[in-house]
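Visitor: I would like a close look at a single part of this protein. Please pick one element and take me through its side chains.

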Amino acid sequence: MYGDDIHLRLHRIRAERLHREALRARARHRPRPARQPRPPRRLRSRLGWTLVEVGLRLATPRPRPGQQPGLAARL
């Protein structure tokens, strides 16, 4: 089509403008001081795994009385 070249040229012009604007904004930006590393979150991890275990127990059907347990129960 005839308008493809014009569309691509306008796109490149817009991309160049945005790139220059991003460079200017980056130059004005003050670098932040480095953050201190966070201590390990043991409680959060334990709580997360406990919730996973509870969810798996709720999702696993219980065997009915008189019914033999499945393969997973024998392992």
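Guide: The protein has 3 helices and 0 strands. Read along the sequence, the pattern is α-α-α. This is a predicted model, so confidence comes before detail, because low-pLDDT coordinates should not be read in detail. The mean pLDDT of the protein is 81, and 84% of the residues score at least 70. Among the elements, α2 has the highest mean pLDDT, 91. Helix α3 (residues 71-74) has the lowest, at 54. Our part is therefore α2, given its top mean pLDDT among the elements.

Start with the geometry. Helix α2 covers residues 42-59. Its 18 residues reach 26 Å from the first C-alpha to the last. That is close to the 26 Å expected at 1.5 Å a residue.

Next, the cover. Helix α2 is hardly covered: 0 of its 18 residues count as buried. The whole protein gives a matching figure, with 0% of its 75 residues buried. Its accessible surface comes to about 8,700 Å², and carbon and sulfur atoms hold 58% of that.

Now the nonpolar side chains. W49 sits in α2. Its relative accessibility is 61%, so W49 counts as exposed, the cut-off being over 50%. W49 does not stand alone. Together with V52 and L56 it forms a nonpolar patch on the surface. The three share about 350 Å² of accessible area.

Then the charged side chains. Opposite charges can pair when their charged atoms come close. E53 and R57 meet in a salt bridge, at 2.8 Å from N to O. The count of salt bridges comes to 1. Where do the partners E53 and R57 lie relative to each other in helix α2? They are 4 residues apart, so about one helical turn separates them.

The two partners also have their own exposure values. E53 has a relative accessible area of 40%, so it is partly exposed. R57 reaches 61%, and therefore counts as exposed.

To recap α2: it carries no buried residues, a salt bridge between E53 and R57, and a surface patch of W49, V52 and L56.

Definitions and conventions. Residues are numbered from 1 along each chain as its sequence is written. This is a predicted model: local features need pLDDT of at least 70, side-chain atom pairs count only at pLDDT 80 or more; totals for chains, interfaces and linings use all residues. Side-chain values use heavy atoms; hydrogens and water are left out. Patches are made of residues with over 30% relative accessible area and no salt bridge: like charges are joined within 9 Å, nonpolar side chains (Val, Leu, Ile, Met, Phe, Trp, Tyr) within 5 Å. Accessible areas come from the Shrake-Rupley method with a 1.4 Å probe; for residues, only the protein chains shown count as cover. A salt bridge is a side-chain nitrogen of Lys or Arg within 4 Å of a carboxyl oxygen of Asp or Glu. Helices (H or I, at least four residues) and strands (E, at least two) are DSSP runs, numbered from the N terminus. Buried means under 20% relative accessible area, exposed over 50%, partly exposed in between (1.4 Å probe, protein chains only). The expected span of a helix is 1.5 Å times one less than its number of residues. pLDDT is the predictor's confidence in each residue, from 0 to 100.
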